[in-house]
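Morning, everyone. I have one structure to show, and I will keep it short. Please have a look at it first.

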Amino acid sequence: MKALLTPELLRRLEQFQLLAKRHAKSSIRGERRSKARGQSVEFADYRNYVVGDDLRYLDWNLYGRLDRLFLKLYEEERELPVTLFLDGSESMGFGEPSKFDFARQVAAAIGYVALCGFDRVSVRVFPNHRGRDAPPQAGESSNRQSSVDAMKALGALKSVRGRKSSMMFLTNLAMLVPGGRADFNESLKRGAMEASHGGVAVVLSDFLDEGGYEEGLKSLVSRGFQVSAVQILSPEELSPTSYGDLRLVDSETGHSEEVTFGRHRLEVYTRVVREHVERLRQHCRARGIQFFQCSSNGRLEDLLLKRLRESEVWG
Amino acid sequence: MGVNFLSPLAFVFAATIPVVVVFYLLKRRRATRVVPSTLLWQRYLAESQASTPFQRLRHNWLLVLQTLLLLLAVTALARPYFGGELSSGRLQVVILDASASMRATDGKPTRFDSAKLEALKLVDGLRDRDQMVLVHAGVSTEVRQSPTSVKSVLRRAIEQCAPSDAPTRLADALKLAETLTKDAPNSEIHLMSDGAAKDLDEFESQGLRINYHRMGVGGRNAAITGLDVRGHPEDPTQRRVLATVANLSSNAIQANLELRMEGRVLEVRNLTLEPRATSSQVFTTEQRSPEVVYSAKLDFSDDLPMDNEAAAVSQLPRPIRVILVTAGNKFLEKALRSHASAHLEVASSLGGQSPEADVVILDGVSPDPWPAVNVLAFRSAPAGWFTNSTELEVGGIVDWKPSHPLLQAVDLENVQIAKSLAVNPPSWAVSIVEAAQTPLVLAGDFQRNRVIWIGFDLYQSTWPLRVSFPIFISNAIEWLSPGAGGGAPASSRTGDPLRMMLPEGLSTIDITLPDQSARTIQLEAGTRDFLFGDTARAGVYSVRKGTQTARFAVNLADPAESDLWPREELRMGKHGGVGATTMKRADLEAWRWIAALGLAVLLWEWWFYNRRTV
C-alpha cells in the first residue's frame, strides 16, 4: 500500500496547527481555549470566594490588600473536534490520479495536523455503506477482503485522537475505496446532527450531485462548524478530450446523455464548468465557508503548504 | 413573364429532400463513455442544443442549408427558363450530307450516323437564346427544321433524317445556308460531310463561318461506276453489256464481277485492279425477250456495299412509225429511209384524225388540228406559236448548241441558208441553231409533246448536201421517240427523274420501288409523259401502266461519290477552302452532370457522416 503522504510532507505538516476562529465547545478537555472556566495556566477572572471553593486558587495578595477573599479563575482548555467529510462515491474514483486519492491525501494531511494538535479527528465517508452496495464478485477474494478491511477502517476513523494514533489514522484512510451513490446533502445533514458540538469541518468532494450541495453546507454552518470546502475535479472534467457522437453514462445514477462534442464546442463546456465552480464559490463565501478548487492531478503541496496556510486554515 | 421548365421530370429528385431529413432524424451510432457525472453535460446540452429530434430540427441550420441546396439543385436540374423578349443569340445552320457516300460503314456505324451524333452534340451545346436550322442535303436540299431553340424538336428532326443512294449537291445546301444566315450577324454553318461532292466549286464562300465536320476515316472501296447495254452492230439479237469497275482504294484488289440476267448468272470474271484504276468489261449476250434486266455485282467487301451492285434494263429496238407529210422532199425522204428503226410513211396531208405514229414530220404543211404527237416541223406552225413571222434573208448560221442531244456529232460550219422565217422563240422552246437575226431551229415540249421547229426550207439551204443533215435527222428521230427505238437509256442515276411515256386514257400508274414499297399515282387526264422524281434509292423500279409494265434501273454510277477518302479540305469556288474542324466542346451542357454529381456527393456526405463513429 502506497503511503498517502510522504515523510517529508508529514514533517513539514507537523509545524502547522489548525487555526480555529471560534472557541472550542467540546466538553472534553483538550488543548484549545474555550469559554468554560477550569484548570489551566491562562488567568481568566476573579470571583468571590464561597464556602467549599478550593483554597489553592485564592489570591492571597489581593486578600492582603483588600482583606477580602477572591478566587482566581482560569480558562478551561477543551478539545477541537475536526470532522472530515470525505466524498467516497463512485464519481470520485475517476481521474488520473483519481479524485478520491487526492481527497484522501488532503484528508490525511488535515487529519494529521489535527492529531498533532491533540484534536479529535472524525472522518465521515459518504456513502458509508460501502461493502453492502457493492458486493464483491464471486471468486474475487482479494476484493472481498479489501471490502472488509475498508469497513473496519471506516469504523476506526469515526473518532481518532492523539498523535500516537496518527499512523493508524493514515493507514485506515489508505484502505478506503470509492464506490456507490452518494447523497451529498443527506450525508452532510446527518453528520451535522450526529455531531455533539461544532468544530472544524472540511468537506472534500467534487460537488457534482444532482441534489445540489446547498442544504448540506447550510446544515454544517447552522450546527456551528467552521467549514472549509475543497472541490476536486479530474482533468477530463475540466477539459474533456473525448470528441464525436457520444453517449455519456453517469457512473452513479446510470443516467445517459447523448452529446455531440468537438474541439470547437470545448469553449461552451469550459464556460459551463467555470460557472458551476463560480456558483459554488459564491455560495460558500456568502456563508463564511472557505472554498478551494483543485484538479486531481494538481500539486498537493501547493494546496497544503500554500493555499490552506494563506487562507489561515492552519498556521 | 412566367417561369417554365425544360425538364420538369427533374422534380422527381425532390424526393431526396425527405431522405436528408430522415438522416437527421435517424438515431446516430454513438460511442458510449462512462463519466463521473452527467451534471455538467446536462448544463452543456442546455446551452448548446436541444436533445429531442424535432427540437433539433427546428434549430438545425445545417439541415436548412442542405435542404436549400437540394432545392436549388433540383430546380437547376429542371432547367427553368423565363419566356421573355431577349436579343437574338447565335444562329447555327447544320447541313447533314445525306449522299450515298455517307452510308459508308467506317462511322458509328455509318458516316451518316456519326454526322447525326455530331449534330446532336451541337444541339446539346445550344445556349438558351441560340437557334438552329437543320438542312438535309439529299437528292434535293430540304430545310428539315426551321430556326428554333427547342432542343427536343431539333433532336427529333435529326433522328428522322436518313441517307439516300444518290449524290448530293452540297453547293445548293450551302447557298441555302448562306441565304438563311444573311441577316443573322452571329451565325455559323456546320457542314457534316465527308466532302464527296463535285459541285463545291460552284459555291463561293464569301466570309461565311463554315465549320466542316469531316466524317469517315477510311477509303476502302471498289465500285461499279457504270453499267450500260448497247445493241450489237451486226446481230440485232445480241446485246453488249458494258460494266465499268473502279478500284478507289489505296491497295490493289482482286474481286469477282458477276453478270446476271433476270437473276440468272451469265458470267463471272475475276478482276485484279491496281489502286485508283478503272476497268471496263464488255459482256456479249443473247437477248430474246423484248425487255430484260441485267445486273452486275462486284464480290468485294468494302466500306460502301451499295455501289458494288448495278442494274440496267435492256430493250430490243422496235420500229419507229414516222409519217412524213410533204408535197415532195427527196432529201428528207432519203434521210428518213436510211434510219434503221424508222418505218416511214409518206402522205400529202394528215386528215382530221390524230395519226397513229410515233413521229410526224411536217414539211411546209400546217395541219388543223395540230397532231398530238411528237413533231418535226419545217416552216410550219399552228397559230399562236409566234407573234409575228416574216421571211428574212439570213445568210449563214452563226451559232448552235453542240451539247444538245439533237446536235450531237452535227457540224453546221459550212451550211448556208438563203431565207428563213424570223420569229421570237416561244417560252416552251429553246433555240439550238441561230442566225444573226433569228433562231433557226427550236426544240421544246409543247402540250406534253416534243417539238422540233425549223424555220427555213431545206431547198433554200445547202444543209441537205452536208453530212450533218442525215445525222441530225437520225438524232431528231431518236429524240422525238424516246424509248421507242432501243435508244432509251439502260439505266439512270439516283436522284435523276425517270421519264416515261404513257398510253392514252390512264388515270393511275403503280410504281414499285426497289425496297418493294408501292406507290399509286393519280394522273391528270390526257397525261402522256410522266416524270417520277423519287429516285433516291438505287435498284430496279417497276412501273405498271395499265396492262403494260416497264422497268427502270437506277444506279449510283458516280465515281466521285464512290471515292470515300474523306477530304481534309473542301475546295470552294476558285480560291476558297474550308479545313476540317473539330467540335467545340465548350458549348456542351455539362452543368447537369455536375449538378447531379453534387447531389450525389451531398447524399454520400450525409451517409458517411451518420455512419462514422469516433
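I will go through chain A, then the interface, then chain B. One caution before that: this is a predicted model.

Let me start with chain A. Its secondary structure comes to ten helices and ten strands. The chain has 315 residues, and 39% of them count as buried. Now the contacts. Take those in chain A with a separation of 6 or more: 78% of them are between residues 24 or more positions apart.

Keep your eye on strand 8 of chain A, because DSSP-style pairing is where we go next. Strand 8 of chain A runs antiparallel to strand 9 of chain A, and six bridges join the two. For a landmark, find A:Val249, which stands opposite A:Ser256 in strand 9 of chain A. The two strands form a hairpin with five residues between them. Look at A:Gly254 in that hairpin: its phi is positive, near 80 degrees.

Now the interface. How many residues of each chain are in contact with the other? On chain A there are 28, and they meet 21 residues of chain B. Three elements of chain A each supply at least two residues to that side: strand 8 (244–250), strand 9 (256–261) and helix 9 (266–286). Which of them gives the largest share? Strand 8 of chain A does, with seven residues. By class, the side of chain A that touches chain B has eleven nonpolar, seven polar and ten charged residues.

Strand 8 of chain A also pairs across the chains. Its partner there is strand 2 of chain B, residues 31–35. This pairing is parallel, over five bridges. To find it on screen, go to A:Arg247, whose bridge partner in strand 2 of chain B is B:Thr32. So strand 8 of chain A has an antiparallel pairing with strand 9 of chain A and, by the DSSP bridge criterion, a parallel one with strand 2 of chain B.

On to chain B, helices first. Helix 5 covers residues 111–124 of chain B, and helix 6 covers residues 151–159. They pack at an angle of about 175 degrees, with their axes 10 Å apart. The two helices are therefore roughly antiparallel to each other. From helix 5 of chain B, the contact uses B:Lys116, B:Ala119, B:Leu120 and B:Val123. Facing them from helix 6 of chain B are B:Lys151, B:Leu154, B:Arg155 and B:Ile158. By class, that contact has five nonpolar and three charged residues, and no polar ones.

Next, a hairpin in chain B. Strand 5 of chain B, residues 131–137, is joined through three residues to strand 6 of chain B, residues 141–148. The strands run antiparallel, with five bridges. B:Leu134 stands opposite B:Gln145 in strand 6 of chain B.

Last, an open sheet in chain B. It has three strands in the order 9-10-13, with antiparallel pairing. Which strands stand at the edges? Strand 9 (222–231) and strand 13 (278–286) of chain B do. Each has a single partner strand, so one side of each is left without a neighbour in the sheet. From one strand to the next, the twist averages 20 degrees. Strand 10 of chain B, residues 238–247, is joined to strand 13 of chain B by nine bridges. Within that pair, B:Leu242 has B:Val282 as its bridge partner.

That is the tour. Questions, please.

Conventions: Residues numbered from 1 in each chain as written. Chains lettered and ligands numbered in written order. Predicted model: local features only at pLDDT ≥ 70, side-chain atom pairs only at ≥ 80, totals over all residues. Contact = placed C-beta atoms within 7 Å. Helix = DSSP H or I, 4+ residues; strand = E, 2+ residues; numbered from the N terminus. Nonpolar A, V, L, I, M, F, W, Y, C, P; charged D, E, K, R; others polar. Axes fitted to C-alpha atoms, helices over the stretch in contact; angles between N-to-C directions. Parallel < 35°, antiparallel > 145°, perpendicular 65-115°, else oblique. Buried ≥ 20, exposed ≤ 12 C-beta atoms within 10 Å, placed from the backbone.
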